[in-house]
Amino acid sequence: MNWRIWTILAAIGVALVLLFWRPFSGPAPTSDLFDPSELQPDFVAEGLFTKLFNPAGELQHRIESRRMAHFSVIGLTELSEPKYITTLIDSDGQVQVWQLVADSGRYHNDERLELLDNVRITNVQGNAFINAIETDYLMIHLVTQDITTDHPVLAHGPQFEVRGQGLRANLEAQQLELINHVQTTYYPQRDPQ
């Protein structure tokens, strides 16, 4: 045989050895960033709620959920049908109770609550300038009461409706800012006859 045939056969042999070498060299190393045990919750609870009181003993906020699954390794609690209720005293000394509901949510150990899908913020007493806000996603910082989203937003008041893209708000300070205003519809109050 000539040397060209031997060279071609040797190259094919080396290629076959390299091709089959890796599967038999042992399991592939796993990444330290992913641990399958993180996907298993530490506990699952149904109909659970938490309450936080201020130093004076008054209810500050409450979180309820139809179902909770807690993952301590990643510092996260998944929520089904969460409801967040916060009681605040406004600058005039009036009590304001806000209720935030959604289809699902996530509570992070650093005091952040994410609400996902069909999110609705409602002033329970109905005595605020804005009665309700609707969106698909909200992030709430529970300590500061700051709320943010970059999703479409619809805000309702007694005589108006405002649409926008993105929102920054603070429930305690009663401040709301639409990042990108899209449309406002005003409904004038009719005089009774």
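Me: Which residue in β7 stands opposite V101?
Reply: Bear in mind that this is a predicted model. β5 and β7 are antiparallel partners, with four bridges between them. Look across from V101 into β7 and you land on R120.

Me: How many bridges join β4 to β5?
Reply: These two strands run antiparallel. One spot to look at is Y84, which has L100 of β5 opposite it. The bridge count for β4 and β5 is seven.

Me: Which residues have the most contacts inside the largest nonpolar core?
Reply: That core has 27 residues. Strands giving two or more residues to this core are β2, β4 (83–89), β5 (95–101), β7 (112–123), β8 (132–141), β9 (146–156) and β10 (160–170). As a background point, nonpolar side chains in soluble globular proteins tend to be buried together. The residues with the most contacts inside the core are L100, L113, L115, L138, I140, I147 and L167.

Me: What is L115 in contact with, leaving aside its neighbours within four places in sequence?
Reply: L115 is one of the residues with the most contacts inside the largest nonpolar core, and L100, L138 and I140 are also on that list. Those three turn up among the contacts of L115 too. Written out, the partners of L115 are P82, L100, A102, S104, G105, D136, Y137, L138 and I140.

Me: Is H70 buried or exposed?
Reply: Start with its place: H70 is in strand β2 (residues 59–71). Not counting residues up to four places away, H70 touches P41, D42, F43, L76, T77 and N109. The cut-off for buried is under 20% relative accessible area. H70 has 16%, so it counts as buried.

Me: What does F53 count as at 45% relative accessibility?
Reply: F53 is in strand β1 (residues 43–53). With neighbours up to four places away left aside, F53 is in contact with E58, L59 and Q60. Under 20% would be buried and over 50% exposed. F53 is at 45%, so the label is partly exposed.

Me: How many aromatic pairs does a search of the whole structure find?
Reply: A ring can still have a charge for company: the charged end of R62 sits over the ring of F49. Ring against ring is another matter, and there the search of the whole structure comes back with zero.

Me: How far from the centre of the F49 ring is the charged end of R62?
Reply: For a charge to sit over a ring, the cut-off is within 6 Å of the ring centre. The charged end of R62 does sit over F49, and its distance from the centre is 4.2 Å.

Me: How far apart are the closest N and O atoms of R112 and D110?
Reply: This pair forms one of the eight salt bridges in the count. R112 is partly exposed at 22%, and D110 is partly exposed as well, at 48%. Their closest N and O atoms are apart by 2.9 Å.

Me: R163 and E161 meet in a salt bridge, but is E161 buried or exposed?
Reply: The N to O distance in this bridge is 3.5 Å. R163 has a relative accessible area of 37%, which means partly exposed. E161 has 18%, so that side of the bridge is buried.

Me: Which residue forms a salt bridge with R168?
Reply: R168 is partly exposed, at 45%. Its partner is partly exposed too, at 39%. With closest N and O atoms 3.1 Å apart, that partner is E177.

Me: And which residues do salt bridges that share partners join into one network?
Reply: One member has already come up, since R62 also places its charged end over the ring of F49. The network joins that arginine to two other residues, and the full set is R62, E64 and K83.

Me: What is the phi of D117?
Reply: D117 lies in strand β7 and is partly exposed, at 41%. Most residues other than glycine have a negative phi. D117 isn't a glycine, yet its phi is positive, at about 65°.

Me: Is N118 buried or exposed?
Reply: N118 is in strand β7. Like D117, N118 has a positive phi without being a glycine, with a value near 55°. Its relative accessible area is 53%, and the cut-off is over 50%, so N118 is exposed.

Methods: Residues numbered from 1 in each chain as written. Predicted model: local features only at pLDDT ≥ 70, side-chain atom pairs only at ≥ 80, totals over all residues. Heavy atoms only, no water. Buried < 20%, exposed > 50% of the residue type's maximum accessible area, 1.4 Å probe, protein only. Contact = heavy atoms within 4.5 Å. Phe/Tyr/Trp six-rings, centres within 6.5 Å; stacked < 30°, edge-to-face > 60°. Lys NZ or Arg CZ within 6 Å of the ring centre and 35° of its normal. Core = buried A, V, L, I, M, F, W, Y, C linked by side-chain atoms within 4.5 Å. Pairing = 2+ DSSP bridges. Salt bridge = Lys/Arg side-chain N within 4 Å of Asp/Glu carboxyl O.
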